[in-house]
Amino acid sequence: MPNPPYVPYSDGVEVVAGDEDAVIGQILEKAAAAGQATFESYRHAVRQAHAKSHGVLKGELKVYDNLPQHLRQGLFAEPKTYPIIVRFSTAPGKIHSDRAPSNCGMAIKVLGVEGPKLDAADASRNQDILLVNSTTYFGTPAQYRSVQGLIEKADNSPDEFLRVSNEIGRLLKSAWTSVAGPPPTLLKAMAAPPNHILGETFHSMAALRFGDYIAKLRAAPLSESVRALTGVRADSTDSNLRDLVVEFFKTKTAEYELQAQLCVDLAQMPVEDASVEWSDALSPPQGVAKITLGPQDAYSADRQVYADDLLSFTPWRGLAAHRPLGAIMRLRLKVYEDSSRFRHEKNARPRVEPADLAELPD
């Protein structure tokens with residue numbers, strides 16, 4: 001089928017609510033208190049989201065040759081191979097047993113990227129791409145604020161309670177979907193499937209600028225080695241996800257395709273409401289690059305410390321051509337910065353932004 005017309009990017013695609021700054025301020029205040037409480041509990045600061053890592057890997061991102069003009073944007077303007085660091089994680093801001101399933105994340109740090117930056121003070125040449133195995137998120141900061149207390153209570157709940165809640169959530173999600181269609185964001189998070197992390201498809205959830213256009217990004221399993229893991233139930237142990245990742249990368253290679261789903265209609269594919277799923281039928285995702293992660297020690301002690309205590313990831317690090325868009329992304333700018341600053345200050349560890357893959361410990 002011919003490509004539909006893509007919505008051009010302009011500053012006008014973002015519409016800021018009048019009370020947005022006040023709402024974000026309230027969220028930050030509660031998040032800071034939760035972060036302090038977690039620090040007091042652990043005597044060590046962790047990320048306020050995606051605290052638990054399951055693998056830290058080096059690899060490469062290869063931009064495809066001969067992309068059509070509408071995909072040759074920003075990072076993907078020229079066929080080039082970039083070194084990358086990838087961190088797999090789960091979503092809670094506390095360290096829970098893997099017996100209590102939750103959403104998973106794939107954070108990608110692309111090294112050596114050239115071009116005008118979002119932040120002129122950012123001296124790195126890196127592009128961060130943050131992805132989660134959910135297609136949507138809370139629509140607005142106000143929606144997030146309304147359930148922030150519930151999320152914090154879940155983070156502080158016993159593992160067994162979370163495990164049972166997940167089983168109930170999956171039943172409720174199935175019933176909801178059969179009767180009323182797509183479930184609410186909170187129910188989707190509560191019902192995260194207990195699947196092998198490497199077989200998941202990871203999404204940006206919210207929109208970002210894609211050069212001249214607007215897009216959401218996703219990383220989908222490409223090689224048979226990870227496609228075969230899609231939907232496969234993971235064993236129920238405290239650290240099964242880490243164990244699965246480590247065992248896989250002892251001998252195997254994982255390939256994912258990075259895809260862009262371009263916006264064709266702001267009414268049906270909104271920028272300001274991250275809870276609305278963009279229809280693949282309306283705008284099919286298109287491949288722009290291949291991610292390759294070869295055999296390696298995916299979770300050495302040195303790597304864990306480097307990724308969990310020194311590295312930081314934020315959707316706001318990178319090219320101006322890939323500016324995060326919408327209210328939830330504007331919220332994430334401040335939440336991620338506050339969380340990273342708190343974590344590094346409390347742990348008395350420098351915030352490291354690598355320039356070379358050799359800086360990632362073996």
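Two strands count as paired when DSSP finds at least two bridges between them. Helices (H or I, at least four residues) and strands (E, at least two) are DSSP runs, numbered from the N terminus.

The model is predicted: local features need pLDDT of at least 70, side-chain atom pairs count only at pLDDT 80 or more, and totals for chains, interfaces and linings use all residues. Residues are numbered from 1 along each chain as its sequence is written, and side-chain values use heavy atoms, with hydrogens and water left out.

**View 1. Strand β3 between β2 and β4.**
Strand β3 spans residues 104-110 and pairs with β4 in the antiparallel sense over six bridges. Strand β2 (residues 81-90) also pairs with β3, again antiparallel, over seven bridges. Lys 109 in β3 stands opposite Ile 85. Lys 109 also stands opposite Asp 128 in β4. Ala 107 has Leu 130 in β4 as its bridge partner. Seven of the seven β3 residues are buried (under 20% relative accessible area; exposed is over 50%, partly exposed in between; 1.4 Å probe, protein chains only). Cys 104, Met 106, Ile 108 and Val 110 lie on one side of β3, with Gly 105, Ala 107 and Lys 109 on the other. Both faces are covered.

**View 2. Strand β4 and its two faces.**
Strand β4 covers residues 127-132, and six of its six residues are buried. Gln 127, Ile 129 and Leu 131 point one way from the strand. Asp 128, Leu 130 and Val 132 point the other way. Two of these residues face β3 partners: Asp 128 is opposite Lys 109, and Leu 130 is the bridge partner of Ala 107.

**View 3. Asp 128 and Arg 317.**
The side chains of Asp 128 and Arg 317 meet in a salt bridge, 2.4 Å from N to O. Arg 317 sits in the loop between α7 (301-310) and α8 (327-347), and Asp 128 in strand β4, so the pair ties together parts that are 189 residues apart in sequence. A salt bridge here is a side-chain nitrogen of Lys or Arg within 4 Å of a carboxyl oxygen of Asp or Glu. Both partners, Arg 317 and Asp 128, are buried. The structure holds 23 salt bridges.

**View 4. Salt bridges of partly exposed residues.**
Asp 243 and Arg 242 join their side chains in a salt bridge of 2.8 Å, N to O. Asp 243 is partly exposed at 38% relative accessible area. Arg 242 is partly exposed too, at 30%. Asp 338 forms a salt bridge with Arg 341, and their closest N and O atoms are 3.2 Å apart. These two residues are three places apart in helix α8, so about one helical turn separates them. An α-helix has 3.6 residues a turn, so residues three or four places apart point the same way. Asp 338 is partly exposed at 32% relative accessibility, and Arg 341 at 35%.

**View 5. A salt-bridge network.**
Five residues appear in this view: Glu 14, Glu 20, Glu 272, Arg 323 and Arg 330. Salt bridges link them in a network.

**View 6. Thr 38 and the loop after α1.**
Thr 38 lies in helix α1, residues 20-42. Thr 38 counts as buried, at 11% relative accessibility. Leaving out residues up to four places away in sequence, Thr 38 touches Arg 43, His 44, Val 46, Gly 93 and Lys 94 (contact means heavy atoms within 4.5 Å). Arg 43 is found in the loop between α1 and β1 (52-63). Its phi is positive, about 60 degrees, although Arg 43 is not a glycine. Arg 43 counts as exposed, at 62% relative accessibility. His 50 is found in the loop between α1 and β1 as well. His 50 also has a positive phi of about 60 degrees without being a glycine. His 50 counts as buried, at 14%. Most residues other than glycine have a negative phi.

**View 7. The kink in helix α2.**
Helix α2 (residues 141-155) has a kink of about 50 degrees, centred on Val 147. The bend at a residue is the angle between axes fitted to the seven residues ending there and the seven starting there. Val 147 is one of the buried residues of α2. The others are Pro 141, Tyr 144, Gln 148 and Asp 155.

**View 8. Two buried cysteines.**
Cys 104 is buried, with a relative accessible area of 4%. Cys 263 is buried at 0%. The disulfide count is zero (a disulfide is a pair of cysteine sulfur atoms within 2.5 Å).
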